[in-house]
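Dear colleague,

I am handing over the structure we spoke about, together with some notes on what turned up in it. Please have the sequence and the coordinates open beside you as you read on.

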Amino acid sequence: MIRSATEHPFSEFWKRNLDKIGIGGSVFAALCCLGFPALLSILSAIGLGFIVNDVILIPLLLLFLAVTLLGLYLGTRHHCGPSSLGGSARSR
């Protein structure tokens, strides 16, 4: 892949993995909202029991959903079309 002289390789990591991070964070926040027992016990054991409060979880879920949408948008720009969102690839 050809990179410009000013582009940092770390920015390529974010462009490639932003949607995966957003999906993982959204699943984490949704499981906390649902009260998944294993996750709640792990959070309490490591001292992060305050995260279980809905005042924290709802904005966290919205933030990760926005990160997911941004990652998907960057993916469509990289693949030059909306077919990267799950549609069948069109042959050229």
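How many disulfides does the count come to? The count comes to zero disulfides, and Cys32 is accordingly in none, its nearest cysteine sulfur being that of Cys33, 7.1 Å away. Because a disulfide is taken here as a pair of cysteine sulfur atoms within 2.5 Å, the sulfur of Cys33, whose closest cysteine sulfur is the one in Cys32 at 7.1 Å, is too far away for a bond. These two cysteines also have their own entries for accessibility: Cys32 is buried, with a relative accessible area of 3%, whereas Cys33, at 32% relative accessibility, counts as partly exposed.

Please keep in mind that this is a predicted model. The protein averages a pLDDT of 79, and 73% of its residues score at least 70. Among the elements, helix H2 (residues 37-45) has the highest mean pLDDT, 91, while helix H1 (residues 9-34) has the lowest, 83.

As to the overall fold, the secondary structure comes to three helices and zero strands, so that reading from the N terminus the order of the elements is α-α-α. Of the 92 residues, 21% count as buried, and the protein exposes about 6,900 Å², of which carbon and sulfur atoms supply 69%. Among contacts between residues at least 6 apart in sequence, 53% join residues at least 24 apart.

Turning to the interior, the largest nonpolar core has five residues, namely Cys32, Leu39, Leu43, Ile51 and Leu57. One of these, Ile51, touches Phe28, Ile56 and Leu57 when residues up to four places away in sequence are not counted. Cys32, another member of this core, is the buried cysteine described above.

Several residues of helix H1 may be worth looking at in turn, beginning with Asp19, which lies in that helix. Leaving aside neighbours within four places in sequence, Asp19 is in contact with Thr68, Gly71 and Leu72. For one of these pairs, Asp19 and Gly71, the C-alpha atoms are separated by 4.1 Å, although the two residues are 52 residues apart along the chain.

Ser26 also lies in helix H1, and at 9% relative accessibility this serine counts as buried, because the cut-off for that class is under 20%. Outside its neighbours within four places in sequence, Ser26 is in contact with Leu61, Phe64, Leu65 and Thr68. Ser26 and Leu61 are 35 residues apart in sequence, and their C-alpha atoms are 5.4 Å apart in space. A polar atom of the Ser26 side chain, moreover, lies 2.8 Å from the backbone oxygen of Gly22.

Is Leu34 buried or exposed? Leu34, which has its place in helix H1, is exposed, with a relative accessible area of 72%. The C-alpha atoms of Leu34 and Val52, 18 residues apart along the chain, are separated by 9.8 Å.

If you have time for a few views, I would begin with the pair Cys32 and Cys33, with 7.1 Å between their sulfur atoms, then go on to the contacts of Ser26 with Leu61, Phe64, Leu65 and Thr68, and finish with those of Asp19 with Thr68, Gly71 and Leu72.

With kind regards

Terms used: Residues numbered from 1 in each chain as written. Predicted model: local features only at pLDDT ≥ 70, side-chain atom pairs only at ≥ 80, totals over all residues. Heavy atoms only, no water. Core = buried A, V, L, I, M, F, W, Y, C linked by side-chain atoms within 4.5 Å. Buried < 20%, exposed > 50% of the residue type's maximum accessible area, 1.4 Å probe, protein only. Contact = heavy atoms within 4.5 Å. pLDDT = per-residue confidence, 0-100. Helix = DSSP H or I, 4+ residues; strand = E, 2+ residues; numbered from the N terminus. Areas by Shrake-Rupley, 256 points an atom, 1.4 Å probe, with all protein chains shown as cover. Polar contact = N/O pair within 3.5 Å; in protein donor to acceptor, adjacent residues only side chain to side chain.
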